[in-house]
Amino acid sequence: MHWSTEDWHTAGEPFRIVNGVATAGRTVAERRVHAMTGEPDAVRRFLCLEPRGHDDMYGGFITPPDDDGADFGALFWHKDGFSTACGHGTMALGAWAVATGRVDAPDDGEAVIVIDVPSGRVQARVQREHGRTTGVVFRNVASRVLARSIPLATSRGEVLVDLVFGGAVYATLAASSLGLAVTPAHTTELIRLGREIKWALNEHPAAQLDDDRLAGVYGTILVDELGRTDDGPWQRNVTVFADGEVDRSPCGSGTASRIALLAHTGELGDGETLTHDSIIGTRFLARIAERTADGVIPEVTGQAYRVGRCEFELDPADPLAEGFSLR
């Protein structure tokens, strides 16, 4: 087995880009279902898990688009399987597509990269100045609140949790309601509670969407309120997704779900900006781009950076072809 990858990060969260993995299906959503049990899953494990990756690695396979309306498709993956959505990955793919010449871009101005992902069609608008990428705007699928103030008994007492769709279903709550703050010192406990809440609500009726491929709680977003800037609310969050994986960035699709919730409650108005910080201090800026009948179209702005290119090989005698996880 031999695979070439190009590694990027968006606000600290890794994204490993892989070309040439064969997938089957008419749409990227169908390709995701196929990938879960076929050869692509073996490639995911090989590239994501130790000793070639780690429990917080993230990446994606480039696929054909659903039709001529998109530039390409992407299957997002993590240590436990394949995601339905990924905002930080979409930003990285936009920057990658321009840097590699896959999509033409002006030296000054904006290039719009259209990407088909399992949750739908998204955009990465790559902003350029003097031949350099200065930011990437992730325009997400329509996002909406699914349920508000669900009472939940946890190992730290009863809390109220909201369920919101931002390309995937997120459970979101104040970290302070668990007696915690979103700081590196609390990471272990944030992971534990994030996992506990995700699995407690995974079968909640509000998380069972019409498309069962999108159903279930993907992650838990724990939030600190930091007040307001001149432009709108300022928050810090950590998203604990899959089964205990920690997003180092403010989480692109998680930020989209926060926009949907804040628009719903009136805490974020049209023309305002959410300043959204991560557990490591990196930042996304997000806004309501459009309102829909039951939610919003969010836009999230961040920046992605190339880390390097990798050549992965499997020694035929290596017993760890499938990788391993300690979490």
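Pro 51 sits in the loop between H2 and strand S3 (59–63), and in this predicted model the peptide bond leading into Pro 51 from Glu 50 is cis, with omega near 10°. That is worth a pause, since most peptide bonds are trans. Pro 51 also has a partner from far along the chain: setting aside residues up to four places away in sequence, Leu 320 touches Pro 51 and Arg 52. Leu 320 belongs to the segment after strand S18 (304–313). Its C-alpha lies 8.5 Å from that of Phe 46, although 274 residues separate Leu 320 and Phe 46 in sequence. Leu 320 has a relative accessible area of 34%, so it counts as partly exposed.

Phe 46 itself is part of H2, where the buried residues are Pro 40, Asp 41, Val 43, Arg 44, Phe 46, Leu 47 and Cys 48. That makes 7 of 10 residues buried, and H2 is mostly covered. Cys 48 turns up again in a core of 15 residues that also includes Ala 35, Phe 61 and Trp 77.

That core lies apart from the largest nonpolar core, which takes in 80 residues. Within this largest core, Leu 93, Ile 113, Leu 163 and Leu 201 touch the most other members. Helix H3 (residues 87–99) provides the largest share, 7 residues. In general, nonpolar side chains in soluble globular proteins tend to be buried together.

H3 is mostly covered, with 12 of its 13 residues buried. The buried set runs from Gly 87, His 88, Gly 89 and Thr 90 through Met 91, Ala 92, Leu 93 and Gly 94 to Ala 95, Trp 96, Ala 97 and Val 98. What about the length of H3? At 1.5 Å a residue, its 13 residues should span 18 Å, and the end C-alpha atoms are 18 Å apart, so the two values agree. Just past the helix, Gly 101 takes a positive phi of about 80°.

H4 (187–201) passes the same kind of check: its 15 residues should span 21 Å at 1.5 Å a residue, and the end C-alpha atoms are 21 Å apart, which agrees. The buried residues of H4 are Leu 190, Ile 191, Leu 193, Gly 194, Ile 197, Lys 198 and Leu 201. They pack against S9, S10, S11, S12, strand S13 (233–241) and strand S14 (245–246). Leu 201 shows some of this in detail: beyond its neighbours within four places in sequence, it is in contact with Ile 150, Leu 152, Val 161, Leu 163, Ala 171, Ala 207 and Val 217.

Now for the empty space. The largest pocket has a volume of about 340 Å³. Of its 23 lining residues, Arg 32, His 78, Phe 82, Lys 198 and Tyr 218 lie nearest the centre. Helix H2 (39–48), strand S5 (81–82), helix H4 and strand S12 (217–228) each give two or more residues to this lining. By class, the lining splits into 10 nonpolar, 6 polar and 7 charged residues.

The second largest pocket comes in at about 240 Å³. It is lined by 17 residues, with Asp 162, Leu 173, Ala 174, Arg 258 and Leu 261 closest to its centre. Strands S9 (144–154), S10 (157–165), S11 (169–174) and S12, together with helix H5 (252–265), each contribute two or more lining residues. H5 gives the most, 4 residues. The class count here is 7 nonpolar, 5 polar and 5 charged.

There is also 1 cavity of 30 Å³ or more, and the largest cavity holds about 70 Å³ of space. Its lining includes Tyr 58, Gly 87, His 88, Tyr 170, Phe 241, Asp 247 and Cys 251. H3 and H5 each supply at least two residues of this lining, and by class the lining has 7 nonpolar, 4 polar and 1 charged residues.

Cys 251, found in the loop between S14 and H5, has a backbone quirk as well: a positive phi of about 75°, although it is not a glycine. Most residues other than glycine have a negative phi. His 130, in the loop between strand S7 (120–129) and strand S8 (132–139), is likewise not a glycine and has a positive phi of about 55°. Are these two residues buried or exposed? Cys 251 counts as buried because its relative accessibility is 5%, under the 20% cut-off. His 130 counts as exposed because its relative accessibility is 70%, over the 50% cut-off.

Methods:
Residues numbered from 1 in each chain as written. Heavy atoms only, no water. Core = buried A, V, L, I, M, F, W, Y, C linked by side-chain atoms within 4.5 Å. Buried < 20%, exposed > 50% of the residue type's maximum accessible area, 1.4 Å probe, protein only. Contact = heavy atoms within 4.5 Å. 1 Å grid on protein atoms, 1.4 Å probe; cavity = no way out; pocket = protein on both sides within 12 Å on 5 of 7 lines; lining within 4 Å. Points joined across faces, edges and corners; volume = space filled by probe spheres on them. Nonpolar A, V, L, I, M, F, W, Y, C, P; charged D, E, K, R; others polar. Expected span 1.5 Å × (residues − 1).
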